[in-house]
Amino acid sequence: QALEDQYSPSRWSPRLDRDTIIDAHFAVTAAGTERARASAHTLLHVPYGNGDGEKLDIYFPTDPSGTFPVLVYIHGGYWQCLSKDDSGFAAPPLVSQGVAVVAVGYDIAPKGHMDSMVLQVRRSLIFLVEQYPRIRGIYLCGHSAGAHLAAMVLSTDWTEFQVVPDIKGAVLVSGVYDLEPILHTYVNDALNMSWEVAQRNSPMRHVTPAVPAACEVLVAVAQHDSPEFRRQSQEYSQALRAAGWSVSLLDLAGVDHFDVIEKLSEDSYILTRV
C-alpha cells in the first residue's frame, strides 16, 4: 500500500484532489496542443514505422532558416494513457525561438510492451535524422514515463542502428528510472512486466560511461512529487554523474507532478527558459 501511494502522483498535489487532477491535466495538455496546432506550421501523424502508434507530430519553427535544433517530446501517462495528440503544448515558446518540436507517438499498454515502447522511441530518432537533414542537434524532453523512455535512449547502443543521432541534451522531468518498485503496484496491471523486463528497461541499471560527445542531462523534479519520485531523480542523476556525465538536478518549487510539465507552454517558466 505504501508503494501504491508513492507511485500515485495524483495523491501528492496540494492544488487539486486526486480524482480531478488527472482530468485537469488531460484538459490542459489537450487545450495547449490545440493552440499550438493553430499557431504553428505543422506536419501531423507522420509515420516513422508501420505500427498504429508509430507516428510523429512536427511543429516547425516560425523562421526555419537553414538548419534548426529540434526538441523531441516524449509524453507520460504511465506508459498506458495520453498520446502525441496531447503533446504539442510546449511548442509555442520554442518554435518562436527557432526550435522545431516533435511529439513522439508510441504504442501504449496494454497493446504496447515495455521493450517495444523503448525500441519505438529509439527508432523515431533514427527516422528524424534520416528524413530531416536540416536538424541541427536533438534535445530530448520526457515527462514521467516519457522521462523514463528518454533516459533509455541515453543508454542506447547505436551501432545496431548504423545511425547515431546527434543528441545534444536531455531534459528528464519527474521520471521513473528504476522500474522494479512499479512491479508491486497497480501500474503493472496494464504493463504486465516481469522482473526481467523491468531490469532490462531500467535506466538506473544501464548507465553507460560518458563518451566525449555525451550530451548534457537536466534531471528535473517537482517539489510536490512523491518522496519516491524525488528519490529516483536524485539517485539517477548521481549515477549519471558518477559515470562522467554532465548532469544538473533542478528541484522546481511550487509545482506538482502535473503542472511541472504543463507550464512548458509559458515563455517565462524556468524550465522553458532553461
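Which residue in β7 does Leu 172 stand opposite? In this predicted model, the residue facing Leu 172 is Val 219 in β7. That pair is a handy way into the sheet. Leu 172 belongs to strand β6, residues 167-173, and β6 is joined to β7, residues 216-224, by five bridges, with the two strands running parallel.

Zoom out from there and you'll see an open sheet of eight strands, ordered β1-β2-β4-β3-β5-β6-β7-β8, with mixed pairing. The edges belong to β1 (41-47) and β8 (246-256); each has a single partner strand, so one side of each has no neighbour in the sheet. On average, neighbouring strands here are turned by 20 degrees against each other, direction ignored.

Now for the packing. In soluble globular proteins, nonpolar side chains tend to be buried together. Here the largest nonpolar core has 60 residues, and Leu 172 turns up again: along with Trp 79 and Leu 140, it is among the residues with the most contacts inside that core. Apart from this core lies another, of 25 residues, including Phe 89, Val 101, Val 173 and Leu 252.

Leu 140 deserves a look of its own. Setting aside residues up to four places away in sequence, Leu 140 touches Val 72, Leu 125, Ala 150, Val 153, Leu 154, Ile 167, Gly 169, Ala 170 and Val 171. Follow one of those, Gly 169, over to Gly 254: their C-alpha atoms are separated by 25 Å, with the two positions 85 residues apart along the chain.

Gly 254 sits in strand β8, one of the edge strands. Is Gly 254 buried or exposed? Its relative accessibility is 53%, and since exposed means over 50%, Gly 254 counts as exposed. Beyond its neighbours within four places in sequence, Gly 254 is in contact with Gln 223, His 224 and Asp 259.

For a contrast, go to Ser 226, in the loop between β7 and α8 (227-242). Ser 226 has a relative accessible area of 1%, so it is buried. Leaving out residues up to four places away in sequence, Ser 226 touches Gln 6 and Trp 12.

That leaves the charged pairs. How many salt bridges does the structure hold? There are 16. In one of them, the side chains of Asp 57 and Arg 37 meet at 2.6 Å, N to O. This pair links strand β2 (residues 55-60), home of Asp 57, with helix α2 (residues 18-39), home of Arg 37, across 20 residues of sequence. Asp 57 is buried, at 0% relative accessible area, whereas Arg 37 is partly exposed, at 25%.

Another salt bridge brings together the side chains of Arg 123 and Glu 54, at 2.8 Å, N to O. Arg 123 is in helix α4 (residues 114-131) and Glu 54 in the loop between β1 and β2, so this bridge ties together parts that are 69 residues apart in sequence. Arg 123 is partly exposed, with 26% relative accessibility, while Glu 54 is buried, with 8%.

Helix α4 also supplies Asp 115, which forms a salt bridge with Arg 200, their closest N and O atoms being 2.7 Å apart. Arg 200 lies in helix α7 (residues 195-200), 85 residues from Asp 115. Asp 115 is partly exposed, at 26%, and Arg 200 is partly exposed too, at 42%. Finally, Arg 37 and Asp 57 join Lys 84 and Asp 85 in one network, through salt bridges that share partners.

How values were computed: Residues numbered from 1 in each chain as written. Predicted model: local features only at pLDDT ≥ 70, side-chain atom pairs only at ≥ 80, totals over all residues. Heavy atoms only, no water. Core = buried A, V, L, I, M, F, W, Y, C linked by side-chain atoms within 4.5 Å. Buried < 20%, exposed > 50% of the residue type's maximum accessible area, 1.4 Å probe, protein only. Contact = heavy atoms within 4.5 Å. Pairing = 2+ DSSP bridges. Helix = DSSP H or I, 4+ residues; strand = E, 2+ residues; numbered from the N terminus. Axes fitted to C-alpha atoms, helices over the stretch in contact; angles between N-to-C directions. Salt bridge = Lys/Arg side-chain N within 4 Å of Asp/Glu carboxyl O.
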